[in-house]
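Here's a quick walk through one model, starting with the ligand and then moving on to the sheets. Keep the 3D view open as you read.

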Amino acid sequence: MTTLQEFLKKSGCEADLAKLIGEVIPSAVREIAEAIKSQKGELAGSQNIYGEKQLKLDVQSNQIAMEAFKESGLVNLMASEELDEEVEAKKSAPFTVVFDPLDGSSLVDVNLAVGSIFGIYKAGSPIGKTGDDQLAACFAVYGPRTTFVITCKKGTHEFRLESDDQFNLTNENLHVGEDSKHFAPGNLRAAAECEDYLKLTNEWIKAGLTLRYSGGMVPDLNHILLKGDGIFTYPAYSKTPEGKLRLLFECAPMALLMENAGGSALDGEGARILDKRITELHKRTPIFIGSKNTVKRAVEALRKSKIMVFSALP
Ligand code: FDP
């Protein structure tokens, strides 16, 4: 068995980065996994910057991650989906970490899988940077098992949390093929106003693709990475004209993991998610991510529908 730390050492990952991905983030992940088991799905009585009601678990997961980063001495700035602004952890530290501490938290109550997403940049604000500037990205899936998927830009690899609290390598060099046998169509509400989205999903149904959609971006993308094919879509529509998912906290880290496994991630205009500049922390983007050919086809099918999508705007 290869542990996460042994793997990072063997793969030549720089020592501080290896400590962040191999020790600091995993310790936060272990604690969040425990909090999910014990915490009830109660509301915290607060809202995040997007106006979404926060659960106590959202707030707690965010605190767990922030504490781990502060204690590590390795993190300069922290930016989280649950915080309005960046927070400084240590002035002279080498990394900035951006994160969504508990993606899909509304699914905890019904016992579906949820996740945490992390993107790592050189110290300093991520504003003005692109997803390509990430040094590494990773996510945890809290499901029947707790797993951890990482990329340091040399392949994408999966680890599993074992009973001795170690993360052990379970899949090295995940590979996503060019065509899909599975589809995960997010925001199907958009199909009510965008005929082409309806046609596209029908095309997948007629082609015999299997639906695998959980309502959580992390488990849905994890499915694509582990099964080796598939597409996840979350287009814009009149109520969310820029899409729902966050470029910095969700889309860019997941795009880095997907591209390093051979897949691709584009926005509604066909631009690479990793090329998109982060102009504000909480910027959103439509996303089409997974098997290369299927992603390309989806963007081609919908690009010309932009006017239809936005025609419902007041
Ligand atoms: P959630 O709001 O439950 O945190 O990131 C947001 C996200 O979940 C994704 O995980 C998920 O794919 C998407 O939103 C689901 O959005 P809809 O509720 O609009 O379907």
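Which polar backbone atom is 2.8 Å from an oxygen atom of the ligand? That atom belongs to Met 217. Bear in mind throughout that this is a predicted model.

## Around the ligand

Let's stay with the ligand for a moment. There are 15 residues around it, and the ones that come nearest are Asp 103, Arg 189, Tyr 234, Lys 244 and Glu 250. Sorted by class, the shell splits into five nonpolar, five polar and five charged residues.

Two of those nearest residues reach ligand oxygen atoms with their side chains. For Asp 103, a polar side-chain atom sits 2.7 Å from an oxygen atom of the ligand. For Glu 250, the distance from a polar side-chain atom to a ligand oxygen atom is 2.4 Å. On its own the ligand would expose 460 Å², and the protein buries 80% of that. As for pockets, the largest one is the space that the ligand takes up.

## The eight-strand sheet

Now for the strands. One open sheet has eight of them, and you can trace it in the order E4-E3-E5-E6-E7-E8-E9-E10, with mixed pairing. Its edges are strand E4 (87-88) and E10, each of which pairs on one side only.

Within this sheet, strand E7 (residues 136-142) and strand E8 (residues 146-151) run antiparallel and are joined by six bridges. To find your place there, look for Cys 138, whose bridge partner in E8 is Ile 150.

## The hairpin at one edge

Follow the sheet along to E10 and you'll meet a hairpin: E9 and E10 form it, with five residues between them. In the turn, Asp 165 has a positive phi of about 75°.

The two arms, strand E9 (residues 156-161) and strand E10 (residues 167-171), run antiparallel and share four bridges. A handy landmark is Arg 160, which stands opposite Asn 168 in E10.

## The five-strand sheet

There's another open sheet, made of five strands in the order E12-E11-E13-E15-E14, again with mixed pairing. Here the edge strands are E12 (210-211) and E14 (264-266), and each pairs on one side only.

How do strand E11 (residues 182-185) and E12 run, parallel or antiparallel? They run parallel, with two bridges joining them. If you want to spot this pair in the view, His 182 stands opposite Thr 210 in E12.

Key. Residues are numbered from 1 along each chain as its sequence is written. This is a predicted model: local features need pLDDT of at least 70, side-chain atom pairs count only at pLDDT 80 or more; totals for chains, interfaces and linings use all residues. Side-chain values use heavy atoms; hydrogens and water are left out. Two strands pair if DSSP finds at least two bridges between them. A residue is near a molecule or strand if one of its heavy atoms lies within 4 Å of it. A polar contact is a pair of N or O atoms within 3.5 Å; within protein, one must be able to donate a hydrogen and the other to accept it, and residues adjacent in sequence count only if both atoms are side-chain atoms. Accessible areas come from the Shrake-Rupley method with a 1.4 Å probe; for residues, only the protein chains shown count as cover. On a 1 Å grid over the protein atoms alone, a cavity is a set of points where a 1.4 Å probe fits but cannot get out, and a pocket is an open set with protein on both sides within 12 Å along at least five of seven lines; lining residues have an atom within 4 Å of a point. A molecule sits in a cavity or pocket if more than half of its atoms lie within 2 Å of its grid points. Ala, Val, Leu, Ile, Met, Phe, Trp, Tyr, Cys and Pro count as nonpolar, Asp, Glu, Lys and Arg as charged, and the others, Gly among them, as polar.
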